[in-house]
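Please load the model in your viewer and keep the selection tool at hand. The stops below follow one another, each with something to select and something to look for.

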Amino acid sequence: MWKKLHQLAIPVNLYRLCGRLIPWFIILSVICLAVGWIWGFGFAPTDKVQSQSYRIMYIHVPAAMWSMGIYATMAITAFVGLVWQMKVSELAIAAMAPIGAVFTFIALVTGATWGKPMWGAWWVWDARLTSELILFFLYVGIIALWHAFDDRRTAGKAAAILVLIGVINLPIIHYSVEWWQTLHQPSTRMQESINPAMRTPLRLAILGYLFLFISLTLIRLRSQLLLLERNRPWVLDIVNKKGRQS
């Protein structure tokens, strides 16, 4: 098993694997998001309390969930990279961080839009909202740290350390609605209580966001691999082949 993992960690092998997987994950993402959003925005029943405004959850909830899921994935990747000194792990962190930042930004904006009719304010310094905002700043800090060093290995290690330090924020986000009195409703209660006709498209949207994240990560990882290995023969071969095709 470890031999196979080390083989996959070789840049040229990983580049080719990403190329084979990207189309499939894009297709899965488009299908799940299209079905989930069309069902959720067009055919799911109206909520008795929130009327039509609840439909923003089909954008907000998946973004909020995967804003934490992406960071957890980055933390595991950072740990692997620091312990086993795998430079591919550092590239994966650099590939995932901007996607996580965008997902977190979407969660914050849609959360504010959803909160306005429910709470009467665009923003409150609620424990859940504040910790999610801190998560966004962590993503921005990781991206900035990656670009702050000319040496990629130094940048990768610094970013990985910051990722691991920031992990403490994830349980705060998740349990904030239980540890403190907040306006934000517990996500588990919402998942259990909503109408199945509302819940099914939500779960499809959650899957769609996951496949979208994987697709974008693989695309960005391929670009990072080309930049890192730009002087290697296999990269020059790819450039020459594309040059002849054009």
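Begin by selecting Glu90, which counts as buried at 6% relative accessibility (buried means under 20% relative accessible area, exposed over 50% and partly exposed in between, with a 1.4 Å probe and protein chains only). Before going further, note that this is a predicted model, in which local features need pLDDT of at least 70 and side-chain atom pairs count only at pLDDT 80 or more, while totals for chains, interfaces and linings use all residues. Residues are numbered from 1 along each chain as its sequence is written, and side-chain values use heavy atoms, with hydrogens and water left out.

Glu90 has its place in helix H4, helices being DSSP runs of H or I with at least four residues, numbered from the N terminus. Show the surroundings of Glu90 and you will find that it touches Trp146, Arg152, Arg153, Gly156 and Lys157, not counting residues up to four places away in sequence; contact here means heavy atoms within 4.5 Å. Add Ala78 to the selection: the C-alpha atoms of Glu90 and Ala78 are 6.9 Å apart, with the two positions twelve residues apart in sequence numbering.

Next, draw the distance from Glu90 to Arg153, which form a salt bridge with the closest N and O atoms 3.0 Å apart (a salt bridge is a side-chain nitrogen of Lys or Arg within 4 Å of a carboxyl oxygen of Asp or Glu). This pair links distant parts of the chain, since Arg153 is in helix H6 and Glu90 in helix H4, 63 residues apart. Arg153 is partly exposed, with a relative accessible area of 31%.

How many salt bridges does the structure hold? There are three, and for another of them select Glu229 and Lys87, where the closest N and O atoms are 3.5 Å apart. Glu229 lies in the loop between helix H9 (196-228) and helix H10 (233-245) and Lys87 in helix H4, so the pair ties together parts that are 142 residues apart in sequence. Glu229 is buried at 6% relative accessible area, whereas Lys87 is partly exposed at 31%. Now include Arg232, whose side chain meets that of Glu229 in a salt bridge of 3.4 Å, N to O; Lys87, Glu229 and Arg232 are thus linked in a network of salt bridges.

Turn then to the empty space, and select Lys87, Glu90, Leu91, Trp146, Arg152, Arg153 and Leu228, which line the largest cavity. A cavity is a set of points on a 1 Å grid over the protein atoms alone where a 1.4 Å probe fits but cannot get out, and lining residues have an atom within 4 Å of a point. About 30 Å³ of space lies in this cavity. The largest share of the lining, three residues, comes from H4, and the lining divides into three nonpolar, no polar and four charged residues.

Move along H4 (residues 87-119) to Ser89, which is buried at 8% relative accessibility and touches Thr77, Val80 and Gly81, again leaving out residues up to four places away in sequence.

Finish in the loops. Most residues other than glycine have a negative phi. Select Gln85, in the loop between H3 and H4, which has a positive phi of about 55°, and then Ser51, in the loop between helix H2 (11-43) and helix H3 (57-84), where phi is positive at about 60°.

Methods
Helices (H or I, at least four residues) and strands (E, at least two) are DSSP runs, numbered from the N terminus. On a 1 Å grid over the protein atoms alone, a cavity is a set of points where a 1.4 Å probe fits but cannot get out, and a pocket is an open set with protein on both sides within 12 Å along at least five of seven lines; lining residues have an atom within 4 Å of a point. Grid points are joined across faces, edges and corners, and a volume is the space filled by probe spheres set on the points. Ala, Val, Leu, Ile, Met, Phe, Trp, Tyr, Cys and Pro count as nonpolar, Asp, Glu, Lys and Arg as charged, and the others, Gly among them, as polar.
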